[in-house]
Amino acid sequence: MEKHEGFMKALKCRECGREYPLAATHVCEFDFGPLEVAYDYDRIKKSLTRALIQSRPQTMWRYRELLPIAHEPTVGTQVGFTPLVKADRLAKRLGIRELWIKNDTVNYPTLSFKDRVVSVALSRARELGFKIVACASTGNLANSVAANAAAAGLKAYVFIPSDLEQSKIVNSQVYGAQVIGIKGHYDEVNRLCAEIAGKFGWAFVNVNMRPYYAEGSKSMGFEIIEQLGWHVPQHTVVCMASGSLLTKIYKSYQEMMKLGLAPETKFHVHGAQATGCSPITTAQKAGLDFFKPVKPNTIAKSLAIGTPADGFYALRAMKETASNSDDVTDDEIREGIKLLAECEGIFAETAGGVTVGVAKKLIASGRIPANASAVLCITGNGLKTLDAVVGHVGRLREIRPNLREFETLLHTETEATPTH
Ligand SMILES: *Cc1c(COP(=O)(O)O)cnc(C)c1O
């Protein structure tokens with residue numbers, strides 16, 4: 001009897017197209033190309049309709065036919081369907097007609113878009129019979145694996161660069177995960193994890209489970225389309241670490257159009273990085289198909305991957321959609337964080353500052369036209385990277401608890417900044 005694998009057909013090499021069983025494996029044995037989940041789109045097209053999607057709970061799992069699990073999800077069943085906020089005040093500041101914020105700072109349960117990929121990877125890991133899960137992380141992935149594994153009763157090992165933000169470390173340890181700090185950059189952490197995964201046979205969400213994990217990012221794109229009234233946005237700005245999220249948003253837009261759930265249209269997916277770790281945007285701006293690895297040095301630690309696993313495919317997605325990219329300095333990242341907070345009341349982490357800062361540059365230079373509509377993907381919460389903005393948001397004015405001192409303070413304030 002054939003094993004029931006939902007709407008998945010096989011794992012397929014992105015380079016040579018060779019097919020593999022739907023196991024915990026991620027590279028082609030012949031050309032070392034990355035494996036990707038292939039679906040039976042004809043069957044999906046027959047069963048998945050807008051009405052069916054809308055009849056389901058407001059989570060990322062309402063698109064489950066397009067996510068790589070065979071049965072019902074068992075981990076992270078409440079993840080996703082975060083708000084898409086119309087950002088009129090920020091639009092005005094950036095000089096664009098219409099702007100939307102896809103707000104994954106409030107994703108459940110660990111306040112970043114990584115809950116999407118982790119709920120898929122862990123649900124699939126359970127289907128494949130794993131009891132121990134693990135990851136190599138720049139911070140948010142560690143938080144999400146630790147939390148979701150705890151809730152699912154799975155044992156978790158998370159490996160991180162030991163110089164991560166304190167809050168990201170604590171946010172992993174609190175769930176009882178085994179947190180191991182590696183004295184080195186993310187790329188060294190990742191190399192070590194590839195060896196550990198081979199030797200110990202655990203489900204490493206972004207190593208041997210990567211084909212499933214990566215698909216979870218598509219849910220952000222599906223939600224954007226549905227929340228825009230079943231339209232693919234003209235312009236989307238996405239920050240990049242490994243480049244996976246950008247490639248999957250691109251894929252999600254294509255899938256929705258292919259299935260007739262959104263009308264065919266041209267679209268752009270623009271990439272954003274920090275100047276201190278910009279292998280992908282540097283290559284894109286130079287018109288190259290390949291990136292050169294770098295040593296990261298930026299406050300945007302969640303994006304600090306010097307050898308991005310999906311960099312090549314992110315470059316290809318941008319090329320195929322005639323998109324652009326750019327990068328921003330640490331100061332511009334902080335400015336982006338403040339701009340978003342002051343205009344829209346949304347406090348993003350450094351990665352969000354990268355997205356806003358790059359969007360500003362793309363609009364100012366006309367690479368995103370002023371009369372266009374754009375979506376900014378804001379992927380993580382500012383409370384997790386407080387260190388990056390401490391000392392940059394003004395000083396705390398202190399007074400004794402009496403009215404006169406407050407009035408004096410207010411008086412000096414109004415003299416300095418007239419209010420009208
Ligand atoms: C991981 C991460 C990203 C992007 O990751 P990719 O590896 O490019 O998919 C973006 N923002 C935040 C906050 C992240 O943690």
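**Exercise 1. Describe the place and surroundings of H270.**

*Solution.* Begin with the secondary structure: H270 belongs to strand β11, which covers residues 268-274. The model under study is a predicted one.

Next, consider the accessibility. H270 has a relative accessibility of 1%, so H270 counts as buried; the cut-off for a buried residue is under 20%.

Then examine the polar partners of the side chain. The side chains of H270 and H235 are joined by a polar contact of 3.0 Å. A polar atom of the H270 side chain also lies 2.9 Å from the backbone nitrogen of N324.

Finally, list the wider contacts. With neighbours within four places in sequence left aside, H270 is in contact with H235, T236, V237, V238, L246, S323, N324, L362, R367 and I368.

**Exercise 2. Determine which residues come nearest to the ligand, and which backbone atoms approach the oxygen atoms of the ligand.**

*Solution.* Start with the shell. There are 15 residues around the ligand, and K114, N140, S242, L245 and T379 come nearest. Sorted by class, this shell holds seven nonpolar, six polar and two charged residues.

Now turn to the backbone. A polar backbone atom of A241 is 2.9 Å from an oxygen atom of the ligand. For G243, a backbone N or O atom lies 2.9 Å from a ligand oxygen atom. For L245, the distance between a polar backbone atom and an oxygen atom of the ligand is 2.8 Å.

The last step concerns area: the ligand taken alone exposes 380 Å², and the protein buries 97% of that.

**Exercise 3. Compare the span of helix α4 with the expected value, and establish how many of its residues are buried.**

*Solution.* First, the span. Helix α4 comprises residues 114-127, 14 residues in number, and its first and last C-alpha atoms are 20 Å apart. This is close to the 20 Å expected at 1.5 Å a residue.

Second, the cover. Of the 14 residues of α4, 12 are buried, and the helix is thus mostly covered. Among the buried residues are K114, R116, S119, L122 and S123. K114 is also one of the residues that come nearest to the ligand.

Third, the end of the helix. G129 follows α4 and has a positive phi, near 90°.

**Exercise 4. Locate G80 and V75, and identify the residues that each of them contacts.**

*Solution.* G80 lies in the loop between α2 (50-54) and β4 (84-86). V75 is likewise found in the loop between α2 and β4.

Take G80 in detail. Its relative accessible area is 11%, and therefore G80 is buried. Beyond its neighbours within four places in sequence, G80 is in contact with Q58, T59, M60, N107, R116 and E223. One of these partners, R116, is a buried residue of α4. The C-alpha atoms of G80 and F113 are separated by 8.2 Å, although the two residues are 33 residues apart along the chain.

Continue with V75. Its relative accessible area of 2% makes V75 buried. Not counting residues up to four places away in sequence, V75 touches W61, S119, L122, S123, R126, N148 and A152. Of these, S119, L122 and S123 are among the buried residues of α4.

**Exercise 5. Test the length of helix α7, and find which strands its buried residues pack against.**

*Solution.* Helix α7 runs over residues 186-200 and has 15 residues, so at 1.5 Å a residue it should span 21 Å. Its end C-alpha atoms are 20 Å apart, which agrees.

The buried residues in α7 include Y186, D187, V189, C193, I196 and A197. The strands against which the buried residues of α7 pack are β6 (132-136), β7 (155-161), β8 (178-182) and β9 (203-204). After α7 comes G201, with a positive phi near 65°.

**Exercise 6. Examine the backbone geometry at W230, A322 and the bond from Y108 to P109.**

*Solution.* Recall the background: most residues other than glycine have a negative phi, and most peptide bonds are trans.

W230 has a positive phi, near 65°. This residue is in the loop between α9 (218-227) and β10 (235-239), and W230 counts as buried at 6% relative accessibility.

A322 also has a positive phi, near 50°. A322 is in the loop between α12 (311-320) and β12 (325-328), and A322 is exposed, with a relative accessible area of 56%.

Lastly, the peptide bond from Y108 to P109 is cis, and its omega is near 0°. P109 is in the loop between β5 (98-103) and α4.

Conventions:
Residues numbered from 1 in each chain as written. Predicted model: local features only at pLDDT ≥ 70, side-chain atom pairs only at ≥ 80, totals over all residues. Heavy atoms only, no water. Near = heavy atom within 4 Å. Polar contact = N/O pair within 3.5 Å; in protein donor to acceptor, adjacent residues only side chain to side chain. Areas by Shrake-Rupley, 256 points an atom, 1.4 Å probe, with all protein chains shown as cover. Nonpolar A, V, L, I, M, F, W, Y, C, P; charged D, E, K, R; others polar. Helix = DSSP H or I, 4+ residues; strand = E, 2+ residues; numbered from the N terminus. Expected span 1.5 Å × (residues − 1). Buried < 20%, exposed > 50% of the residue type's maximum accessible area, 1.4 Å probe, protein only. Contact = heavy atoms within 4.5 Å.
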